[in-house]
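Me: I've got a model open and want to check a few labels against their cut-offs. Mind going through them with me?

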Amino acid sequence: MSHQTTAEEVPPQVALRRALSLFPTGVVALAAVVDGAPTGIAVNSFTSVSLDPPLVAVCPARTSTTWPVLARATRIGLSVLGADQESTARSLASRTGDRFADIAWRATEGGAIHMDGAALWLECEIRNSFDGGDHEIVTLEVIHSEAFPEVTPLVFHLSQFRGL
C-alpha cells in the first residue's frame, strides 16, 4: 500500500518543524537557584545519553536569554513534568512575568530546583556543551535521581501538550 503526500509551499524550517512534531517528546523543566532567585525554562529536547557515566542531554535554543543564566548554576534540576503540569510548562516557557508564580517547587542544597508533581527529578551538573546549530547541545552528569512512577508524564505531540 502506498502513501501519497502533498507538498506545501512553506519554508524548509517550518516544514521540518511540522514533520518533527509527529515525534512525541516529554516536557522537562530545567531550573536552579541563581543569584538567590529561582530561574528556569521548559524544554522538550531531552534524552538519556549514558549510564556509565550517568549522562543526559538537553538542547536549549541559542535565542534563550534564560539558559545563559541557568548555565552559571552549580547544580541544575531537571523535572520530567506530569500530565497535569501543562500550566507549569507554559509558565516556564513564557517570556514575561514571574515564571515561578503558582508553581510548587523545592530546591536542593546544591541549588537545583525540582517541580512538585513531576514524574522524575534529576539533579545534574553541566559536563559539556556542543554546537547544535540554532540550539546548544548540553550534556549533564546526573548526581542524584528520584523517580515517581505513579505520575503519568506530560507529552508534547503535534505542537500540543497531551497526557499518555
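Reply: Sure. Keep in mind that this is a predicted model. Let's start with a strand pair: E11 and E12 run antiparallel, joined by four bridges.

Me: What makes E11 and E12 count as a pair?

Reply: The cut-off is at least two bridges, and E11 and E12 have four. So by that rule they pair. In one of the bridges, Phe 156 has Phe 161 in E12 as its partner.

Me: Why are E1 and E12 called edge strands?

Reply: The open sheet has three strands in the order E1-E11-E12, with antiparallel pairing. Strand E1 (25-26) and strand E12 (160-163) each have a single partner strand, so one side of each has no neighbour in the sheet.

Me: Why is the pair of Trp 121 and Phe 148 called edge-to-face?

Reply: A search of the whole structure turns up three aromatic pairs. In the one formed by Trp 121 and Phe 148, the ring centres are 4.9 Å apart and the planes sit at 70°. Pairing needs centres within 6.5 Å, and edge-to-face needs planes over 60 degrees apart, so this pair gets the label. It links distant parts of the chain, 27 residues apart: Trp 121 is in strand E9, Phe 148 in the loop between strands E10 and E11.

Me: How do you know that Trp 121 and Phe 148 are buried?

Reply: Buried means under 20% relative accessible area. Trp 121 has 10% and Phe 148 has 17%, so both count as buried.

Key:
Residues numbered from 1 in each chain as written. Predicted model: local features only at pLDDT ≥ 70, side-chain atom pairs only at ≥ 80, totals over all residues. Heavy atoms only, no water. Phe/Tyr/Trp six-rings, centres within 6.5 Å; stacked < 30°, edge-to-face > 60°. Helix = DSSP H or I, 4+ residues; strand = E, 2+ residues; numbered from the N terminus. Buried < 20%, exposed > 50% of the residue type's maximum accessible area, 1.4 Å probe, protein only.
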